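This report concerns a model made up of protein chains and looks at how they meet and what space is enclosed. Please read it with the structure open.

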Amino acid sequence: VRVLIAEDDLVLRHSLRIHLERWSYDVVECADGGQAWTALQDERTPSLAIFDWNMPGRDGPSLCRDLRQVPSLAAMYVILITSNQDQKDVVCGLESGADDYIKKPFDWNELRARLRIGSRIVSLQHALAARVSDLQQALQDVKRLGGLLPICAYCKRIRDDGDYWKQIEQYLSEYSEAQFSHGICPQCLETHLQQLTR
Amino acid sequence: MVDRLGGDEELARQLITLFLGEYPKLMDNLRQSVNSGQSDAIRRAAHAAKGCIANFVEGGGPQATAFRIEQLGTAGALSEIPCLVSQLERELDALARGMVAFQESSCES
């Protein structure tokens, strides 16, 4: 799992990187909010982020607010870290779009547990998005099969959306999970057997 | 501090080395902000120093002094700050000496 760390305190940033790498995370390290915003535009978008509240350039809450406006970043799990101890700061941080909040100095095991929660939520979101995509495709196929199908009155071919006439079994195979095993019905067997024996 | 790192002396040494290179810059930044007389710059510089110190010291000592400077910067009450900056400098020098001693002792053992 890829994690972006945005922390201007060099000592804490190094410590975070070492701990996260030991916990098998792939770490992207940024020294301020501006660097973090640039890193977030990278194609390999991190799934999780740890933002310090107070940083030069963009601070943690403004990074949260901005990334929630970008569809490709909106699902990212963000943990804010800060030495602000006031309860209203917790509320303000979470309302900016952070998913979790941890006060400095924090316990490393607590951070590890919170990151695990974030990873689990992110993987559930990915699984849910994949399921929704599958269901949308299935619904599209059902609608297509449930609609009006243009079929040739003689050869029984079906015209598809690309204006090609297809064998009925080919059409159904493409738009459903149906599979065909070819055989000959008794009526056809009789007709064709008579033709063959003539 | 080593306890907080799960007994990892190697990481503690790395963090101390980073801190010893970093804290003079943080103090320079704080002194410059005090000379500028801009309370918001003082607040930010003191907050950065407080955060860095908190990696090693929990409450009291230099962390408390940096926090006091941050509070005064937030309130715009600048008169006491130069005195507190000098106090912070002394406290950090003492902390740094302790760290160097730790580095040397852990190298010998």
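The text below takes the interface between the chains and then the cavities.

**Interface**

The model is predicted. On the side of chain B, 17 residues are in contact with 15 residues of chain A. The two chains bury about 1400 Å² between them, and 59% of this area is on carbon and sulfur atoms. Within the area that chain B buries against chain A, 31% is supplied by Arg4(B), Leu18(B) and His47(B), more than by any other three residues.

The count of salt bridges between chain B and chain A is 1. Its partners are the side chains of Arg22(A) and Asp8(B), with 2.5 Å from N to O. Polar contacts across the interface of chain B and chain A amount to 4 residue pairs, with both residues at pLDDT 80 or more.

Two helices of chain B, H1 (9-36) and H2 (39-53), each supply at least two residues of the side that touches chain A. H1(B) provides the largest share of that side, 6 residues. By residue class, the side of chain B that touches chain A holds 7 nonpolar, 4 polar and 6 charged residues.

**Cavities**

How many cavities of 30 Å³ or more does a search of the whole structure find? The search finds 2. The table sets out their volumes and the classes of their lining residues.

| Cavity | Volume | Lining residues by class |
|---|---|---|
| Largest cavity | about 140 Å³ | 9 nonpolar, 3 polar, 2 charged |
| Second largest cavity | about 30 Å³ | 8 nonpolar, no polar, no charged |

The largest cavity is lined by 14 residues. Those that lie nearest its centre are Leu12(A), Trp108(A), Arg4(B), Ala54(B) and Asn55(B), so named residues of both chain A and chain B are found there. Helix H1 (residues 10-22) of chain A gives the most to this lining, with 3 residues. Arg4(B) thus appears in two places: in the lining of the largest cavity and among the three residues named for the area that chain B buries against chain A.

The second largest cavity is lined by Phe19(B), Tyr23(B), Leu26(B), Met27(B), Ala49(B), Cys52(B), Ile53(B) and Leu92(B). H1 and H2 of chain B each supply at least two residues of this lining, and the largest share, 4 residues, comes from H1(B). H1(B) also gives the largest share of the side of chain B that touches chain A.

Methods. Residues numbered from 1 in each chain as written. Chains lettered and ligands numbered in written order. Predicted model: local features only at pLDDT ≥ 70, side-chain atom pairs only at ≥ 80, totals over all residues. Heavy atoms only, no water. Contact = heavy atoms within 4.5 Å. Buried area = accessible area lost by both parts, 1.4 Å probe. Salt bridge = Lys/Arg side-chain N within 4 Å of Asp/Glu carboxyl O. Polar contact = N/O pair within 3.5 Å; in protein donor to acceptor, adjacent residues only side chain to side chain. Nonpolar A, V, L, I, M, F, W, Y, C, P; charged D, E, K, R; others polar. 1 Å grid on protein atoms, 1.4 Å probe; cavity = no way out; pocket = protein on both sides within 12 Å on 5 of 7 lines; lining within 4 Å. Points joined across faces, edges and corners; volume = space filled by probe spheres on them.
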